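Biologist: I am new to this entry and would like to learn how to read its features. Could you show me the sequence and the structure, and then take me through them?

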Amino acid sequence: CREEAVLVGGLGVKGEGITTWQEDCWVRLMDWKLSLWSGVEQYEQARSPTRCVRVDQETTIKDGGGSEGNTFTVENYGEGKVEFLCPTKESKVMWLAHLYQHACDQRRWRQAAVHKMEVLSPDTRPSLARSQGKTRSKLVLMYNETKI
């Protein structure tokens with residue numbers, strides 16, 4: 001969730017107080033937020049998103065219905081409501097499923113979701129003290145140094 005995009009695609013976006021849809025926005029769900037670009041070109045050029053909407057355990061995600069049943073809303077306290085327009089009902093179902101799962105994952109992981117942890121790999125170099133043992137045969141040394 002933090003390192004790789006969960007879902008990426010084109011959606012229409014309408015922020016609070018705005019009456020018209022901004023069509024062809026590019027949206028990415030990753031790292032506990034929805035990142036929005038004004039087009040796929042900006043996303044591909046690795047530009048900074050024009051807006052970010054956090055998705056966590058405090059986020060309210062609602063099926064918006066809409067005239068064709070293909071909208072949903074995401075709302076956070078203090079940030080206002082953002083409405084999304086999907087190209088199809090199937091696309092909306094997919095986005096909602098991933099958003100709900102993303103919010104549940106954030107609740108389940110808690111602090112691990114917020115603070116990136118470094119995982120150290122074991123040292124793969126053979127120890128000098130171990131390899132200098134006089135009673136071990138070459139076969140035992142090779143067995144102990146073999147990676148599984």
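**Reading the model step by step**

Modeller: Let's begin with one residue: aspartate 31 has a relative accessibility of 22%, so it counts as partly exposed. Here buried means under 20% relative accessible area, exposed over 50%, and partly exposed in between, with a 1.4 Å probe and protein chains only. What you see is a predicted model, in which local features need pLDDT of at least 70 and side-chain atom pairs count only at pLDDT 80 or more, while totals for chains, interfaces and linings use all residues. Residues are numbered from 1 along each chain as its sequence is written, and side-chain values use heavy atoms, leaving out hydrogens and water.

Biologist: Thanks! What is the mean pLDDT of the protein chain?

Modeller: pLDDT is the predictor's confidence in each residue, from 0 to 100. For the protein chain the mean is 78, and 68% of its residues reach 70 or more. Among its elements, strand β6 (residues 71-76) has the highest mean pLDDT, 92, and helix α4 (residues 128-131) the lowest, 50.

Biologist: How many helices and strands does the secondary structure of the protein chain come to?

Modeller: Helices (H or I, at least four residues) and strands (E, at least two) are DSSP runs, numbered from the N terminus. In this protein chain there are 5 helices and 7 strands. Read along the sequence, they follow the pattern β-β-β-α-β-β-β-β-α-α-α-α. Of the chain's 148 residues, 30% count as buried.

Biologist: Back to aspartate 31: where does it lie, and what is its phi?

Modeller: Most residues other than glycine have a negative phi, and most peptide bonds are trans. Aspartate 31 has a positive phi, near 60°, and sits in the loop between β2 and β3 (33-37). Tryptophan 32 lies in the loop between β2 and β3, and it has a positive phi of about 60° although it is not a glycine. Is it covered? Tryptophan 32 counts as buried because its relative accessibility is 11%.

Biologist: Now the charges, please. How many salt bridges does the count come to?

Modeller: Side chains of opposite charge can pair when their charged atoms come close. The rule used here asks for a side-chain nitrogen of Lys or Arg within 4 Å of a carboxyl oxygen of Asp or Glu. By this rule there are 5 salt bridges. Aspartate 31 takes part in one of them, with lysine 33 as its partner and 3.3 Å between the closest N and O atoms. Lysine 33 is partly exposed, at 26% relative accessibility.

Biologist: Which residue forms a salt bridge with glutamate 83?

Modeller: Its partner is lysine 14, with the closest N and O atoms 4.0 Å apart. Glutamate 83 belongs to strand β7 (residues 80-85) and lysine 14 to strand β1 (residues 7-15), so the pair ties together parts that are 69 residues apart in sequence. Glutamate 83 is partly exposed at 23% relative accessibility, whereas lysine 14, at 17%, is buried.

Biologist: And which side chain does aspartate 63 meet in a salt bridge?

Modeller: Aspartate 63 pairs with lysine 92, at 2.8 Å from N to O. This pair links distant parts of the chain, 29 residues apart: aspartate 63 is in strand β5 (residues 60-65) and lysine 92 in helix α2 (residues 89-109). The relative accessible area of aspartate 63 is 47%, so this residue is partly exposed, while lysine 92, at 7%, is buried. Elsewhere, Arg54, Asp56 and Glu79 are joined into one network by salt bridges that share partners.

Biologist: Which residues in helix α2 (residues 89-109) are worth a look besides lysine 92?

Modeller: Try leucine 99, which is found in helix α2. With 0% relative accessibility, leucine 99 counts as buried. Its C-alpha atom is separated by 9.2 Å from that of leucine 34, a residue 65 residues apart along the chain.

Biologist: Could we finish with strand β1? Where is the place of glycine 10?

Modeller: Glycine 10 is in strand β1, and with a relative accessible area of 34% it is partly exposed. From glycine 10 to glutamate 23 the C-alpha distance is 8.4 Å, with their positions 13 residues apart in sequence.
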